[in-house]
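Reader: I'm new to this one and would rather look closely at one part than skim everything. Could you pick a spot and walk me through it, then follow where it leads?

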Amino acid sequence: MIVSFGSIALDTTRTPTLIRKDILGGSCTYFSLASSLFFKTGIVGIVGSDFPENYLEIFRNRLDLSGFKIEKSKKTFKYDSSFGNDLSIRTTNITELNVYKDYNPVLPYKYRKEKYIYLGNIDPKQQLQVIDQLEKPCYIFMDTIDYWIKTERSKVYEVIQRVNGLFLNEEEIKLLCETKSILKGAYKLLDLNIDLLVVKRGAKGAVMFTKDYIFINPSYLNTEVVDPTGAGDSFAGGFVGHLVKKDKIDDKTLKESLIYGNVLGSFAIERFGPERLVSLSLNEIYERYRKHCSMVFF
Ligand code: AMP
């Protein structure tokens, strides 16, 4: 099983054409809905009494919920953001941690022995709490966001030093490494002893850095972009999902995983919130993977 930890949220998303309030969101949510299409995924996270029954139903249908908690006396994590005209730049309006504020994540015993762990974007102190409960050896991936880099910088670095793979977007690398050069930032991070760095570049695709090589893949040419929220976590879900399904960490599988990441990201942005991930099938993923490869390689 893949163990996924991170935020489970109610998002308010404002695009130039539409505003949707309190839709299902969060880093753990997007990642898990994507990864569970490839491999069984269990979530560790918490929501409040305001978390709607129809969202719970989506979780029940798709995920192992042994590490999922409902805290009746508190409110669910809330995230409010707006996109500009070309949907490429997101501005955070409000982040309300609510139920995550004093949350101490507890991994069910059966999760502690699992081999593949994803630490989605959330308080790095909580990411460290999860790492402390794991029994080695395992392969840990992590993500973060500008909010945590600005408020908990040293803790973010502490987490990075204890993981194998890191997913970041270009702005996060610049902020974290205090550089304008993605390449310089990438090598600074690889020096911290991670095996793998994946840089998500939105519409420009993604780049993977290891100590031995760099691999670049463009994004899938989407006809429809409705809501880019969650593209990064869905990308990570596709990447990790394929890797775990193959249960191999060799160069070929990693490169395939990067392409699956781009494919899952491209599906996620086609509808508001995680709607498209809920209706998606593995066959549709394979079909788009083949189509994308035929456009990129010759
Ligand atoms: P992405 O678009 O892939 O970067 O992920 C967006 C998701 O991250 C949204 O659904 C939010 O609910 C969630 N999110 C935004 N800010 C934070 C934060 N500071 N901590 C944890 N999750 C967050």
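**From a loop to the ligand and beyond**

Author: Let's start with Asn 98, which counts as partly exposed because its relative accessibility is 25%, between the 20% limit for buried and the 50% limit for exposed. Keep in mind as we go that this is a predicted model. To find Asn 98, look in the loop between β7 and α3, the latter covering residues 109–112. Its backbone deserves a look too: the phi angle of Asn 98 is near 45°, a positive value, and the residue is not a glycine. For background, most residues other than glycine have a negative phi.

Asp 247 is another residue with a positive phi, about 50°, although it is not a glycine either. You'll find Asp 247 in the loop between α9 and α10. With a relative accessibility of 42%, Asp 247 also counts as partly exposed.

Now to the ligand, where β7 turns up again. The strand β7 (90–96) is among the elements that give two or more residues to the shell around the ligand, along with β2 (9–14), α1 (27–35), β6 (77–83), α5 (146–151) and α9 (231–246). The largest share of that shell, three residues, comes from α9. Which residues come nearest to the ligand? Of the 21 residues around it, those are Ser 7, Asp 11, Gly 26, Arg 90 and Gly 230. Sorted by class, the shell has nine nonpolar, nine polar and three charged residues.

Zoom in on a few side chains there. A polar side-chain atom of Arg 90 sits 2.8 Å from an oxygen atom of the ligand. For Asn 121, an N or O atom in the side chain is 3.2 Å from a nitrogen atom of the ligand. Trp 148 also places a polar side-chain atom 2.9 Å from a ligand nitrogen. And how much of the ligand does the protein bury? Taken alone, the ligand exposes 510 Å², and the protein buries 95% of that.

Next, follow helix α1 from the ligand shell to Ser 35, which lies in this helix. Ser 35 is buried, with a relative accessible area of 0%. Its side chain and that of Thr 41 are joined by a polar contact of 2.8 Å. Leaving aside neighbours within four places in sequence, Ser 35 is in contact with Ile 2, Thr 41, Gly 237 and Gly 241.

Then there's helix α10, which covers residues 251–268 and gives eight residues, the largest share, to the nonpolar core described a little further on. Ser 266 is found in this helix, and it is buried, with a relative accessible area of 4%. The side chains of Ser 266 and Arg 288 share a polar contact of 2.9 Å. Beyond its neighbours within four places in sequence, Ser 266 is in contact with Tyr 220, Asn 222 and Arg 288.

Take Asn 222 from that list and look at it from its own side. Asn 222 lies in the loop between β13 (214–217) and α9. Buried or exposed? With a relative accessible area of 19%, Asn 222 is buried, because the cut-off is under 20%. Its side chain reaches the backbone oxygen of Ser 266 at 3.0 Å. Apart from neighbours within four places in sequence, Asn 222 is in contact with Ser 266, Ile 269, Glu 270 and Arg 288. Along the chain, Asn 222 and Phe 267 are 45 residues apart, while their C-alpha atoms are 8.5 Å apart in space.

Another loop offers a contrast in accessibility. Asn 193 lies between α8 (182–190) and β11 (196–200), and at 58% relative accessibility it counts as exposed. Asn 193 is 28 residues from Gly 165 in sequence, with 9.8 Å between their C-alpha atoms.

Last stop, the inside. The largest nonpolar core has 98 residues, and those with the most contacts inside it are Leu 119, Leu 189, Leu 197 and Phe 239. Take Leu 119: setting aside neighbours within four places in sequence, the residues it contacts include Phe 5, Val 130, Ile 131, Phe 141 and Val 163. Gln 127 and Asp 143 are also among the contacts of Leu 119.

Conventions. Residues numbered from 1 in each chain as written. Predicted model: local features only at pLDDT ≥ 70, side-chain atom pairs only at ≥ 80, totals over all residues. Heavy atoms only, no water. Core = buried A, V, L, I, M, F, W, Y, C linked by side-chain atoms within 4.5 Å. Buried < 20%, exposed > 50% of the residue type's maximum accessible area, 1.4 Å probe, protein only. Helix = DSSP H or I, 4+ residues; strand = E, 2+ residues; numbered from the N terminus. Contact = heavy atoms within 4.5 Å. Near = heavy atom within 4 Å. Polar contact = N/O pair within 3.5 Å; in protein donor to acceptor, adjacent residues only side chain to side chain. Areas by Shrake-Rupley, 256 points an atom, 1.4 Å probe, with all protein chains shown as cover. Nonpolar A, V, L, I, M, F, W, Y, C, P; charged D, E, K, R; others polar.
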